[in-house]
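This report walks through selected contacts and backbone features of one structure. Please keep the sequence and the coordinates open while reading.

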Amino acid sequence: MINNNQILNPFLSDEFVHIEDIIVLDEPILSHYVRNEIDYFLYLVDKETNFDKYLLFHINSWTICEYFIGNMSLLEVINSVDDFIYILDINFDGELLEKDIANPKTINKNYLPNIDSKIFFKPLENSLYYKIIEEHKNKQYINELKKSAFYMKISPKTSKYGHTVGLKEMAETLFKKVSESYSAFTKADFTNKFERIYTELKEFKNKLSIVNNEIDFRLVDAGINSFEIGLAVDRQMKMTIEDKKLREWALKVGDDFKATILDVNYSDDRQVELILEKFSPEQRKKIFTPMFEIIENKNFEFQIKNNKRSKYKTIKIRDKFTLEKIVPIENKAIEVKNNDLEIVQVTTLVEKGKNLKTLKIDQNTLFSSTDNTNIILKYDDFVNHGYEKVDSNIQIKVNILTNNGLVFFQTIFDNLPFEVNTNNSKLDDGISLIISKLYEYILNKE
Amino acid sequence: MELENHTHINNIKNCPNKNESGTKLLYRCVSNPINDNSFKPFGFKPKYKNKCEAWGLSVYNNLESAKNRLKSLSKNLSNNYNAIAVASIKDEDGIKYQTFEENHYTYFPKENLNLIEKFNIVEDDQ
């Protein structure tokens with residue numbers, strides 16, 4: 001039985017596996033074969049009285065897909081063949097009568113199709129090509145974006161982990177901060193450009209919300225060994241924004257961010273001045289603070305390049321003055337509280353033996369004001385503060401007095417003066433300090 | 001219903017094995033003026049005689065696809081196909097179903113159907 005494979009006799013026809021017929025006019029005009037994992041097209045180019053003439057040529061899978069989706073014509077496919085083309089005369093029984101080899105550039109023009117020989121092939125769902133074409137279209141989308149992608153990289157300054165970047169480092173250093181900066185930039189840029197056009201707050205917010213959904217960068221490439229990412233603006237999707245002004249802004253904003261914020265030469269005064277003119281201090285703070293945190297990070301070097309093929313350049317800020325010019329340090333007024341403290345002695349009745357932390361102050365409570373008093377520190381006081389290595393019979397009298405907003409805790413122990421002071425009203429803080437000082441002395445003495 | 005070339009078709013198992021019912025406008029690449037050779041199947045070539053679709057006729061379900069296929073022919077081969085003809089094919093006219101790709105159909109006409117009268121040349125401006 002003669003089958004399609006046998007028309008390629010004597011090219012060891014069993015090695016040529018028929019995949020599918022692509023163009024059929026009653027008989028196959030263009031067919032796809034594979035031999036040893038190499039793809040071939042077999043193209044019927046002429047009919048003589050007793051035989052048919054074919055071209056047989058090698059084709060790669062990328063070209064096949066490009067041809068199927070209408071990006072290449074059949075003529076372009078044939079012209080793209082970079083080795084040679086077989087010319088086969090095969091009779092109606094499938095026997096090879098003659099074989100010749102031709103250069104694609106010098107092949108008989110009568111064997112070639114129209115210049116406009118695009119196919120727009122739509123395979124059936126059960127066809128092998130169905131999934132291949134879908135995957136190719138997806139790759140095409142990414143490949144199209146990759147052409148205009150710019151790249152950022154963070155490189156660790158130590159080789160502790162072989163120049164690899166940690167997940168947390170990457171997420172918190174690069175992704176989060178660039179994203180924060182971009183969000184702040186888009187908001188600032190939109191405000192600067194549109195707040196006089198959309199003067200009503202509701203409309204302004206509505207318009208910003210429309211574009212916000214469309215202006216995120218697409219992550220189209222990534223590399224490890226130091227971590228780099230390729231980011232691109234999706235121009236296709238932005239065409240769905242109906243408002244022309246918004247659409248034009250959305251198409252441009254990603255590139256503007258890259259040029260104005262990422263790819264800045266901080267040594268160039270003109271570029272710095274442009275930044276100062278373009279954004280208010282508040283806007284600059286939100287846009288540049290996260291970027292400066294990346295650039296100034298002691299563990300990483302931040303680099304950027306315009307496309308996949310160009311070289312990386314390191315973004316640095318040599319002059320701290322530039323940094324402070326762009327994001328000024330805020331001078332906060334330090335509020336000085338001058339508390340004048342006094343000691344209030346409270347007399348009230350409590351149940352014997354009860355260790356109370358709080359007292360009920362009511363009409364039965366007596367108060368008297370003084371500026372000094374004293375307490376006796378005993379063994380339990382030391383133990384309650386975590387100090388156990390003291391004499392269980394210890395008793396140390398501590399004077400507490402106030403002066404100029406400070407509370408002083410003074411005592412004489414072993415004929416030596418001990419004093420601490422606090423500026424708050426918590427007596428226990430002062431007691432803690434004096435106990436600590438005394439305990440240190442006791443331990444050292446032993 | 002007996003199909004044209006049924007003696008050869010009947011020698012092939014499960015041929016044809018399906019049918020799409022309903023009336024369809026189908027376009028065929030032909031030579032102008034239309035003649036019997038415009039509807040000769042290629043099953044007569046020995047290398048195709050056991051292939052079911054070789055006993056049917058290639059047609060397309062839209063004019064654009066038929067034009068694209070014409071443009072895909074080599075200059076020499078396009079001497080044999082220089083026009084496109086269209087016909088409204090009903091269920092009683094034979095068997096038809098999609099083959100190879102979404103826009104392509106193989107049409108098995110019923111026996112003795114006058115295809116020269118059935119198909120009309122599509123003018124260039126259509």
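Helix H3 of chain A, residues 128-147, holds both A:Lys131 and A:Glu135. The two sit four residues apart, about one turn of the helix. In this predicted model, their side chains meet in a salt bridge, N to O at 3.9 Å. A:Lys131 counts as exposed, at 58% relative accessibility. A:Glu135 counts as partly exposed, at 40%.

A second pair in chain A spans more than one helix. A:Asp189 forms a salt bridge with A:Lys278, and the closest N and O atoms are 3.9 Å apart. A:Asp189 lies in helix H4 (residues 167-194) and A:Lys278 in helix H8 (residues 269-278), so the pair ties together parts that are 89 residues apart in sequence. Buried or exposed: which is A:Asp189? At 2% relative accessibility, A:Asp189 is buried. A:Lys278 is partly exposed, at 33%.

Chain B has a pair of its own. B:Lys24 and B:Glu20 form a salt bridge, with the closest N and O atoms 3.5 Å apart. B:Lys24 is partly exposed, with a relative accessible area of 22%. B:Glu20 is also partly exposed, at 25%. Elsewhere, salt bridges with shared partners join A:Glu27, A:Lys47, A:Asp52, B:Lys45 and B:Lys47 into one network. Over all chains, the structure holds 24 salt bridges. Side chains of opposite charge can pair when their charged atoms come close.

The table lists four of these salt bridges, one of them between the chains.

| Pair | Closest N to O distance |
|---|---|
| A:Lys131 and A:Glu135 | 3.9 Å |
| A:Asp189 and A:Lys278 | 3.9 Å |
| B:Lys24 and B:Glu20 | 3.5 Å |
| A:Asp21 and B:Lys51 | 3.2 Å |

**The interface**

How many residues of each chain are in contact with the other? The count is 43 residues of chain A and 34 residues of chain B. Together the two chains bury about 3,200 Å² between them. Carbon and sulfur atoms carry 51% of that area. On the chain A side, A:Leu25, A:Asp26 and A:Leu124 lose the most area to chain B. These three make up 23% of what that side buries.

Six salt bridges are counted between chain A and chain B. One pair is A:Asp21 and B:Lys51, whose side chains meet at 3.2 Å, N to O. The interface also has 22 residue pairs in polar contact, with both residues at pLDDT 80 or more.

Several strands of chain A feed the side that touches chain B. E1 (17-25), E2 (27-35), E3 (38-47), E4 (51-59) and E5 (85-91) each supply at least two residues. E1(A) gives the most, with six residues. By class, this side of chain A has 25 nonpolar, six polar and 12 charged residues.

**A buried lysine**

Strand E4 of chain A contains A:Lys53. With a relative accessible area of 11%, A:Lys53 is buried, because the cut-off for buried is under 20%. Which side chain does the side chain of A:Lys53 meet in a polar contact? The partner is A:Asp89, at 2.8 Å. Beyond its neighbours within four places in sequence, A:Lys53 is in contact with residues including A:Tyr43, A:Val45, A:Ile87 and A:Tyr111.

**Chain B as a whole**

Chain B has three helices and six strands. From the N terminus, their order is α-β-β-α-β-β-β-α-β. Of its 126 residues, 52% are buried. Among contacts in chain B with a separation of 6 or more, 73% join residues 24 or more positions apart. Chain B exposes about 6,000 Å², and carbon and sulfur atoms supply 42% of it.

**Backbone exceptions**

Most residues other than glycine have a negative phi, and most peptide bonds are trans. Some places here depart from that.

The bond between B:Cys15 and B:Pro16 is cis, with omega about -20°. B:Pro16 lies in the loop between helix H1 (6-9) and strand E1 (24-30) of chain B. The bond from B:Asn32 to B:Pro33 is cis too, with omega near 10°. B:Pro33 is in the loop between E1 and strand E2 (57-60) of chain B.

A:Asn415 has a positive phi, near 60°. Its loop runs between strand E16 (406-413) and strand E17 (416-422) of chain A. A:Asn415 is exposed, at 75% relative accessible area. B:Asn112 has a positive phi near 65°. B:Asn112 sits in the loop between strand E5 (104-109) and helix H3 (115-118) of chain B. At 66% relative accessibility, B:Asn112 counts as exposed.

Terms used: Residues numbered from 1 in each chain as written. Chains lettered and ligands numbered in written order. Predicted model: local features only at pLDDT ≥ 70, side-chain atom pairs only at ≥ 80, totals over all residues. Heavy atoms only, no water. Buried < 20%, exposed > 50% of the residue type's maximum accessible area, 1.4 Å probe, protein only. Contact = heavy atoms within 4.5 Å. Areas by Shrake-Rupley, 256 points an atom, 1.4 Å probe, with all protein chains shown as cover. Buried area = accessible area lost by both parts, 1.4 Å probe. Salt bridge = Lys/Arg side-chain N within 4 Å of Asp/Glu carboxyl O. Polar contact = N/O pair within 3.5 Å; in protein donor to acceptor, adjacent residues only side chain to side chain. Nonpolar A, V, L, I, M, F, W, Y, C, P; charged D, E, K, R; others polar.
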